[in-house]
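Colleague: Hi! Could you walk me through this one? I'm new to reading structures, so plain words please.

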Amino acid sequence: MIIKHFKYSIEGIVQGVGFRPFVYTMALKYSLKGFVLNDSTGVKISIEGKIEDIENFEKYLNANLPPLARIDKLKKVLSPLENFNSFSIIKSIRSSSKYSLVSPDFAMCNDCLSEMRDKTNRRYNYFFTNCTNCGPRYSIIKTVPYDRPNTSMQAFIMCEECQKEYDNPCDRRYHAQPISCEKCGPTLSLKDMAGNLIATNIDAIKGLANFIKDGYIVAMKGMGGFHLICDASNSETIKNLRDKKNRPSKPFAVMMKSIQDIESTCKLSPSEKSRVISNERPIVLLKTKKNNLSPLIAPFIDRLGVFLAYTPLHVKLFDFLENHIIATSANRAGEPIVTNEDDLRLKLNGIIDYYLDYNREIVNSSDDSVLQVIGTKDLLMRSSRGITPTNIRVKSNEKRKILAVGAHQKNAIAIYMNNQVILSPYIGDLDNIATVEAFHKTLKTFKEFYDFEPDLIVCDKHPLYESTKWAKSQNIPIVQVQHHYAHILSCMFEHEIDEKVLGIAWDGTGYGDDGSIWGGEFFVCDRSEYERVAYFEPFLLLGGDASIKDIRRIALSMILDCEEDKIYNDFLAEFKTSELNLLKQMHKKELNSPKCSAVGRLFDMVAVIARVCDKVSYDGESGLILESLYDEGIEDSYDIYLDGHIVRYKHVIKEMIKDKEARIIASKFINSLVNIVCNISEKYSLKTLLSGGVFQNRTLLENILKRKDNIIFQNKLPINDGSIAIGQLTNILSHTN
Ligand code: ZN
Ligand code: ZN
Ligand code: FE
């Protein structure tokens, strides 16, 4: 009988996910001796026993990982025998260097749900139930390692029964840090806006449900922040919410009780269904069926962001409700999600009537993640709860610690150290103080979690991005990476592409190398350099930012670039004479009117010409409206063509005006964008990569893929500016590979 002793070092998502009890149970199963422990890099295991038992142990380990665990790196060393006499779990070792990974928050698992429904279980109806396979992580952790004293559950002393479960390696709640029960866990309180207590615990949930039914706008503290909630069938309340939040048309997400409810409201493919019920429980954008939801939820568009109740508290709330609810991040427009009662009362005063709070602190905020499904692949639009922070192992000789601060819109940061890239959750648009503060807070949190001080900072080239300004003020070497190149790099990173590619980056805005605004870019590039081989013909953004909201100016600017023609008269007549004269002057003298080649703005122009929208109130609005007008039966397109390096399109406005009907204009326009992507892709014998916010347009992307199914786009990382930080890092890492 041959006895061996192996030591394993395992890195990945292996802490706080039930990994040690899993190893413990396996070791008992195969009669192996030794120990398992968490340290700052991951998990260490010592296994002593018969060689065939060790082999079985390894096979089982690889095939049956706990649901939330992930092994990135496993090192195995043969060691001298130590004659262990049992197998044990050893308490965490603390050390000065911290590389262990922090997991995002996850939705309640089915085991916890069954217990909550089981009258005989001591957690029957318990609204904070969780276990090692589910529940909060990132939102409660103050510092690593992930142990109860380092979380906001520290304030709650476990009762005897919870402690027993916590200490029992064979229990599903072994070392589940947020473990609690109704006896020992956080308390719920329902309050009015003056802070007066109305009810607690189950009565508080019931009370909140009644307020929702009665048409009030309420707030509820969820996992990573407060949601604003109201009845999704009550148009009067929704109109009220829109008025109070000054949010005329941006769609609201709808939370539903069950997958059957979602199926009866939306068209749902098997892939979409699997995403909806996954333990990440993202908001999934689905095409709607006929339904009785209020038309005010997502005006003028044919899709809806839906998600399932994902915490026990949400599940319990639905026990007292019949209708679906609007559940949207509670914040002041553009600001980060509110995480505590004081901010809620300060910032949402006048908007909400009542709120449900609980006395466990949300340490790190997170929003709901948002995605669409294209065929069987994800098209990620916001990565937060359930998805980020995420870490990706990379091959690189780079020894420096690098911080990438991302873009300005949809900011997220990323860090690199020890062959790991870690992407933060979505932070937001850095154009208000509160979001910039959230940016600083995330930087601080990441520095603490990972014991990280950057040797180098990478940022965008835009001199006015808050992230760039911050990077420049740090007295640390910086490298600036062009925005659209960073888009393509992030796609190369995700798909582990090292070779030269054709990268097509389309979005709404980004600082170009010539100081103009880019966003309709075709690059031939690899990970270290790029050539701008084609781009959309620039136009003048009359009055700069004023054009972004008043999109009639975009159409006007393009028309003024064309030869005079009567056909434009009706359109021009819509401007007041004085306004028109002023804008014409601006155009002629190029006053306060930067050059722009962004495809996102072309959608704005088309929406204006098609007369479906002349002011936008949220990012991507015109694209969503045009998409919902798309008619698959229309195969025609406009003659948008490549002329040397320039994509010409302004001449087609005439034809659009003649086409009159919005459905025809939208369809032909989207078809012509499909053509230009496919035609230029065919000119190069390179892989074609797509990135940038414009490709969040599902109709555009699906039609491109119908023609060329080998075109590559991002799936696991956001396709919009949320991945810019990853792209920035990729550029630096390419130089040290
Ligand atoms: Zn669970
Ligand atoms: Zn307890
Ligand atoms: Fe962008």
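Colleague: Which protein donors hold the iron ion (ligand 3)?

Modeller: In this predicted model, the iron ion (ligand 3) has the protein donors H483 and H487, each through NE2, and D507 and D721, each through OD. They lie 2.0 to 2.2 Å from the ion.

Colleague: And how are those donor residues of the iron ion (ligand 3) spaced in sequence?

Modeller: The pattern reads H-x3-H-x19-D-x213-D. Take H487 and D721 as a pair: H487 sits in helix α13 (residues 483-494), while D721 is in the loop between β31 (712-713) and α23 (724-734), so the two tie together parts that are 234 residues apart in sequence.

Colleague: Is H487 buried or exposed? And what about D721, buried or exposed?

Modeller: H487 is buried, because its relative accessibility is 0%. D721 has a relative accessible area of 9%, so D721 is buried too.

Colleague: What do the angles say about the site of the iron ion (ligand 3)?

Modeller: The four donor atoms there make angles of 85 to 166°, and the site is irregular. A tetrahedral site with four donors would need all angles between 85 and 135 degrees.

Colleague: OK, new topic. Which residues are the donors of the zinc ion (ligand 2)?

Modeller: Four cysteines, each through SG: C159, C162, C181 and C184. Their distance from the zinc ion (ligand 2) is 2.2 to 2.4 Å.

Colleague: And what arrangement do the donor atoms around the zinc ion (ligand 2) have?

Modeller: It is tetrahedral, because the four donor atoms subtend angles of 103 to 117°. As a yardstick, the ideal angle for four tetrahedral donors is 109.5 degrees.

Colleague: Where do C162 and C184 sit?

Modeller: C162 is in helix α4, and C184 is in the loop between α4 and β6 (188-192). They are 22 residues apart, and the pair links distant parts of the chain. Both C162 and C184 are buried.

Colleague: There's a zinc ion (ligand 1) as well. What are the protein donors there?

Modeller: The zinc ion (ligand 1) has C109, C112, C131 and C134 as donors, through their SG atoms, at 2.3 Å. Angles among the four donor atoms run from 104 to 116°, and the site is tetrahedral. Along the chain, the donors are spaced C-x2-C-x18-C-x2-C. For the zinc ion (ligand 2), the spacing is also C-x2-C-x18-C-x2-C.

Colleague: Nice. Where in the chain are C109 and C131?

Modeller: C109 is in the loop between β5 (87-90) and α3, and C131 is in the loop between α3 and α4. That pair is 22 residues apart and links distant parts of the chain. C109 and C131 are both buried.

Colleague: Let's switch to the inside. How many residues are in the largest nonpolar core?

Modeller: It has 112 residues, and I352, W506, F536 and F669 are the ones with the most contacts inside it. Helix α21 (residues 662-683) gives the largest share of this core, eleven residues. Another core lies apart from it, with 44 residues, including M116, F127, I212 and Y358.

Colleague: Why would such residues gather inside?

Modeller: In soluble globular proteins, nonpolar side chains tend to be buried together.

Colleague: What is F669 in contact with, leaving aside its neighbours within four places in sequence?

Modeller: F669 is in contact with L602, F603, V606, L626, Y638, I640 and M656.

Colleague: You mentioned F536 too. What is its bridge partner in β29?

Modeller: That is V647. Strand β25 (residues 530-536) pairs with strand β29 (residues 646-648) in the parallel sense, over two bridges. Both strands belong to an open sheet of seven strands with mixed pairing, in the order β28-β29-β25-β24-β23-β30-β31. At the edges are β28 (641-643) and β31, and each pairs on one side only.

Colleague: Last one: what about the backbone, say the peptide bond from T388 to P389?

Modeller: That bond is cis, with omega near 5°, and P389 is in the loop between β16 (377-382) and β17 (390-393). N125, which is not a glycine, has a positive phi of about 65°. N592, also a residue other than glycine, has a positive phi near 45°.

Colleague: Is N125 buried or exposed? And N592, buried or exposed?

Modeller: N125 is buried, with a relative accessible area of 17%, whereas N592 counts as exposed at 54% relative accessibility. N125 lies in the loop between α3 (110-117) and α4 (160-167), and N592 in the loop between α17 (577-589) and β27 (595-596).

Methods: Residues are numbered from 1 along each chain as its sequence is written. Chains are lettered from A and ligands numbered from 1 in the order in which they are written. This is a predicted model: local features need pLDDT of at least 70, side-chain atom pairs count only at pLDDT 80 or more; totals for chains, interfaces and linings use all residues. Side-chain values use heavy atoms; hydrogens and water are left out. A nonpolar core is a set of buried Ala, Val, Leu, Ile, Met, Phe, Trp, Tyr and Cys residues joined through side-chain atoms within 4.5 Å. Buried means under 20% relative accessible area, exposed over 50%, partly exposed in between (1.4 Å probe, protein chains only). Helices (H or I, at least four residues) and strands (E, at least two) are DSSP runs, numbered from the N terminus. Contact means heavy atoms within 4.5 Å. Donors are N, O and S atoms within 2.8 Å of the metal (3.2 Å for Na, K and Ca); water is not among the atoms, so sites may look incomplete. Four donors count as tetrahedral if all angles lie between 85 and 135 degrees; four count as square planar and six as octahedral if opposite donors are over 155 degrees apart and all others between 65 and 115; anything else is irregular. Two strands pair if DSSP finds at least two bridges between them.
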